[in-house]
Number of protein chains: 2
Amino acid sequence: MNYSDIAKLLTENELKVTPQRVAVIDALFALKNHPTADAVKEFVRKNHPNLALGTVYNTLETFCEKGIVRKVKTDRDFMRYDIITQNHHHLYCGQCDRIEDFFDEELDEILLNYFSKKPIPGWDIKNIKLQIDGNYTNHKPPKNE
Amino acid sequence: MNYSDIAKLLTENELKVTPQRVAVIDALFALKNHPTADAVKEFVRKNHPNLALGTVYNTLETFCEKGIVRKVKTDRDFMRYDIITQNHHHLYCGQCDRIEDFFDEELDEILLNYFSKKPIPGWDIKNIKLQIDGNYTNHKPPKNE
DNA sequence: TTACTAAATAAGAATAATTCCCATTTAAGA
DNA sequence: TCTTAAATGGGAATTATTCTTATTTAGTAA
């Protein structure tokens, strides 16, 4: 995502285009594995050494309110953040802190179908996400690239 | 769950049967809506006023390690705890702090089937839970009971 | 370009959930 | 009953996150 795309995204959401916000969006796209606020701060400070940690939190919170970013629940310690692209599920590794996105439209279809036929009494369902717990088995030896 | 059931559960998991642990198990069964550590402390102190908050945390952590209890993290504030009975999913209300259990064996069957036919490369799947976000619409007026 | 203003940010203090430490107590087995 | 490793109480320490306030800035209109 280039600068003008980011600026557009912010403007569409009635947010001022500040260097800090652009930097946070950049970080969210660059950092895989659903970064913590602290990881975003580290990334962002490479180019903006004075960017305050409080600003990172503020910015992420604002983005969540606007629906640009989603908070990711883990059963570990901190909050982690996920820039929203399309509906997707999460794979959680039980042995390391990896959280991977999982896209599967066929599965989404099945779930949508299932719950439209069998609604849950007393609940108005907005969104269904899978939390898939397992172990990441694909650790490859490092290559020179 | 009566005392001897709880004692059995603890012994089976190689844990000493202490009044504090029994009280925490009692609290987890009594409190609905996936209590926080603080809610457990409050409940437990009715009968054990000196029970330390640190002990509540220790006990819950120990139970999690043994698989007696599961941590439930929301995108809000604290860690919450869920005593494990059988496989189930969670309904999260977007408007209040309600987290409800959701049991559906037919759905579990469908998911099991789906992923056995279509495994995820690089991942060894242990468990699939649904995170169902929506709004609880069933708030009833209080009755005298 | 300049001036204006509401919004955003920097810096650091404050808050509070959770963890840690250690002296004392206790459950369970011999 | 005795012994000992494990558990607990009490409170201090840690630290992710929020809050506060003075300063700066993006966007707008003249």
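These exercises work through a predicted model of protein chains with DNA.

**Exercise 1. The surface near DNA strand D**

Task: Find which residues come nearest to DNA strand D, and state which part of the strand the protein meets.

Solution:
- Start with the neighbours. There are 16 residues around DNA strand D.
- Pick out the nearest. They are Y57(A), T18(B), Q20(B), R21(B) and T55(B).
- Turn to the strand. Of its atoms that come within 4 Å of the protein, 85% belong to sugar and phosphate.
- Sort the surface residues by class. Eight are nonpolar, five are polar and three are charged.

**Exercise 2. Phosphate contacts from chain B**

Task: For T18(B), N50(B) and A52(B), decide whether side chain or backbone faces a phosphate oxygen of DNA strand D. Then name the elements that give two or more residues to this surface.

Solution:
- Take T18(B). An N or O atom of its side chain is 2.6 Å from a phosphate oxygen.
- Take N50(B). Here the partner is a backbone N or O atom, 3.1 Å from a phosphate oxygen.
- Take A52(B). A polar backbone atom is 3.1 Å from a phosphate oxygen of the strand.
- Now place the surface on the fold. Two elements each give two or more residues: α4 (53-66) of chain A and α2 (19-30) of chain B.

**Exercise 3. The fold of chain A**

Task: Describe chain A by its elements, extent, burial and contacts.

Solution:
- Count the elements. Chain A has five helices and five strands.
- Put them in order. The sequence reads α-α-α-α-β-β-β-β-α-β.
- Gauge the extent. The C-alpha trace spans about 50 × 45 × 30 Å along its principal axes.
- Check burial. Of the 145 residues in chain A, 44% are buried.
- Check contact range. Among contacts with a separation of 6 or more, 42% join residues 24 or more positions apart.
- Finish with the surface. Chain A exposes about 8,500 Å², and carbon and sulfur atoms supply 49% of that area.

**Exercise 4. A loop residue in chain B**

Task: Locate N13(B), classify it as buried or exposed, and list what it touches beyond its sequence neighbours.

Solution:
- Locate the residue. N13(B) sits in the loop between α1 (3-12) and α2 of chain B.
- Read its accessibility. The relative accessible area of N13(B) is 16%.
- Apply the cut-off. Buried means under 20%, so N13(B) is buried.
- List its partners. Leaving out residues up to four places away in sequence, N13(B) touches K66(B) and I68(B).

Conventions. Residues numbered from 1 in each chain as written. Chains lettered and ligands numbered in written order. Predicted model: local features only at pLDDT ≥ 70, side-chain atom pairs only at ≥ 80, totals over all residues. Heavy atoms only, no water. Near = heavy atom within 4 Å. Polar contact = N/O pair within 3.5 Å; in protein donor to acceptor, adjacent residues only side chain to side chain. Helix = DSSP H or I, 4+ residues; strand = E, 2+ residues; numbered from the N terminus. Nonpolar A, V, L, I, M, F, W, Y, C, P; charged D, E, K, R; others polar. Buried < 20%, exposed > 50% of the residue type's maximum accessible area, 1.4 Å probe, protein only. Contact = heavy atoms within 4.5 Å. Areas by Shrake-Rupley, 256 points an atom, 1.4 Å probe, with all protein chains shown as cover.
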